[in-house]
Amino acid sequence: MNMNLRSILPRKIQNKAVSKYELDRYFQTNSIEQLVDILQQGERAGLFSFDVTISAEYLDWREARRKLLYPPELGIDLGFAQPVPYGLYELSSKIKNAKPLNRMELKRVVTNIPHNTLEQYLRFRLYGIDYKKLHNEVNSKIHHTDKDEDYDKLEYNGLMAMGAEITYLNEPIYMSFQHRQVVRLLLSKNGKLCTKDEFTENVDIFTGDDYHDINATLRKLISAVRLELKTVIKNDCIKAIPEEGWYLALDP
């Protein structure tokens, strides 16, 4: 199965209605149709469930567009006009109340609404994500697991990196290769400060691409890893010293 995943889905995305633009951070797709197909594959494989809604902002946009094309002062009777394209008008109630589309409705929406509009107003909600299955699915398709074996086992106060696994007190924490490298670097310091340069100069964390603001990118990266660790460790175990770096704060 080809999920086209760029990285493991973060836990913060679960049960959150997001646009295709946001999902593009995790799924590599070229169109709404391809994204829906991938999500359907994932659902059939038991990796997650999903539903699709249309943002209520869509109705506001349609109404503003109608007023622009047919200004009320012209006195044109637009009683025939619907707030959504012809053939979809009965969906107005679902759109207003953020109700999920069934699969037939979704097919009709994708067929009748222009792609640029779909990308702006469709919202996707993933729920019931099976992170263990998802982790196995991703690792079966990418080669980072072999690369993981090149690194020594690291452990600090219950947090461990061994091969492609990150665990805390033997409970697995699922994350991408890049995020595992952040954890490895922090573990190698045994609770001491890891400077910003040590992160940005690590070729497995930063690939050498031209980052618009590498410090902002690093902060977002540390924040994402912090949230992933917190799902198992239950507290904020990555502490910052402003303008200097970060360190692990774990009780023995």
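**Group meeting: a first look at the predicted model**

Good morning. Let me begin with one residue, Ser19: setting aside its neighbours within four places in sequence, Ser19 is in contact with Glu119, Leu122, Arg123 and Phe124. Please bear in mind throughout that this is a predicted model.

Where does Ser19 sit? It is found in the loop between E1 and H1. Is Ser19 buried or exposed? With a relative accessibility of 8%, Ser19 counts as buried, because the cut-off for that class is under 20%.

The neighbouring position in the numbering is Lys20, which lies in helix H1, residues 20-23. Lys20 is a charged residue by type, and its relative accessible area is 4%, so it is buried. Which residues does Lys20 touch beyond its neighbours within four places in sequence? They are Thr29, Ser31, Ile32, Leu35, Glu119, Leu122 and Phe124. Glu119, Leu122 and Phe124 were also named among the contacts of Ser19.

Allow me now to step back to the chain as a whole. The protein chain holds eleven helices and ten strands. Of its 252 residues, 42% count as buried. The accessible surface of the chain comes to about 14200 Å², and carbon and sulfur atoms hold 48% of that surface. As for contacts with a separation of 6 or more, 62% of them are between residues 24 or more positions apart. The contacts of Ser19 with Glu119 and Phe124 give a concrete picture of such pairs.

I turn next to how helices are placed against one another, and I have two pairs to show.

The first pair is helix H2, residues 32-44, and helix H5, residues 103-112. Their axes come within 11 Å and cross at roughly 160 degrees. Angles over 145 degrees count as roughly antiparallel, and H2 is therefore roughly antiparallel to H5. The crossing of these two helices, H2 and H5, is left-handed. Which residues meet there? From H2 they are Ile32, Glu33, Val36, Gln40 and Glu43, and from H5 they are Arg103, Leu106 and Val110. By type, the residues of this contact divide into four nonpolar, one polar and three charged. Ile32 of H2 has appeared before in this talk, as one of the residues in contact with Lys20.

The second pair is helix H9, residues 177-188, and helix H11, residues 214-233. Here the axes come within 10 Å, and the crossing angle is roughly 85 degrees. Since 65 to 115 degrees is the range for roughly perpendicular, H9 and H11 are roughly perpendicular to each other. On the H9 side, the residues that take part are Gln178, His179, Val182 and Val183. They meet Leu221, Ile222, Ala224, Val225, Glu228 and Leu229 in H11. The residues of this contact comprise seven nonpolar, two polar and one charged.

From helices I move to loops. Gly46 is placed in the loop between H2 and strand E2, residues 49-54. Its relative accessible area is 31%, so Gly46 is partly exposed. What lies across from Gly46 in space? Leaving aside neighbours within four places in sequence, Gly46 is in contact with Asp130 and Lys133. Gly46 and Ile129 are 83 residues apart in sequence, and their C-alpha atoms are 8.4 Å apart.

A further loop, between strand E9, residues 238-241, and strand E10, residues 245-248, holds Glu243. Is Glu243 buried or exposed? Glu243 has a relative accessible area of 70% and is exposed, because the cut-off for that class is over 50%. Along the chain, Glu243 and Lys196 are 47 residues apart, while their C-alpha atoms are separated by 8.1 Å.

Finally, I would draw your attention to two backbone angles. Asn15 is not a glycine, yet its phi is positive, at about 65 degrees. Asn15 lies in the segment before strand E1, residues 17-18, and at 48% relative accessibility it counts as partly exposed. Lys234, likewise not a glycine, has a positive phi of about 75 degrees. Lys234 is located in the loop between H11 and E9, and with a relative accessible area of 62% it is exposed.

To close, I return to the starting point: Ser19 and Lys20 are both buried, whereas Glu243 is exposed and Gly46 is partly exposed. Thank you for your attention.

How values were computed. Residues are numbered from 1 along each chain as its sequence is written. This is a predicted model: local features need pLDDT of at least 70, side-chain atom pairs count only at pLDDT 80 or more; totals for chains, interfaces and linings use all residues. Side-chain values use heavy atoms; hydrogens and water are left out. Helices (H or I, at least four residues) and strands (E, at least two) are DSSP runs, numbered from the N terminus. Buried means under 20% relative accessible area, exposed over 50%, partly exposed in between (1.4 Å probe, protein chains only). Contact means heavy atoms within 4.5 Å. Accessible areas come from the Shrake-Rupley method with a 1.4 Å probe; for residues, only the protein chains shown count as cover. Axes are lines fitted to C-alpha atoms, for helices over the stretch in contact, and angles run from 0 to 180 degrees between N-to-C directions. Angles under 35 degrees count as roughly parallel, over 145 as roughly antiparallel, 65 to 115 as roughly perpendicular and the rest as oblique. A crossing is left-handed if the near helix is turned anticlockwise from the far one by less than a right angle, and right-handed if clockwise.
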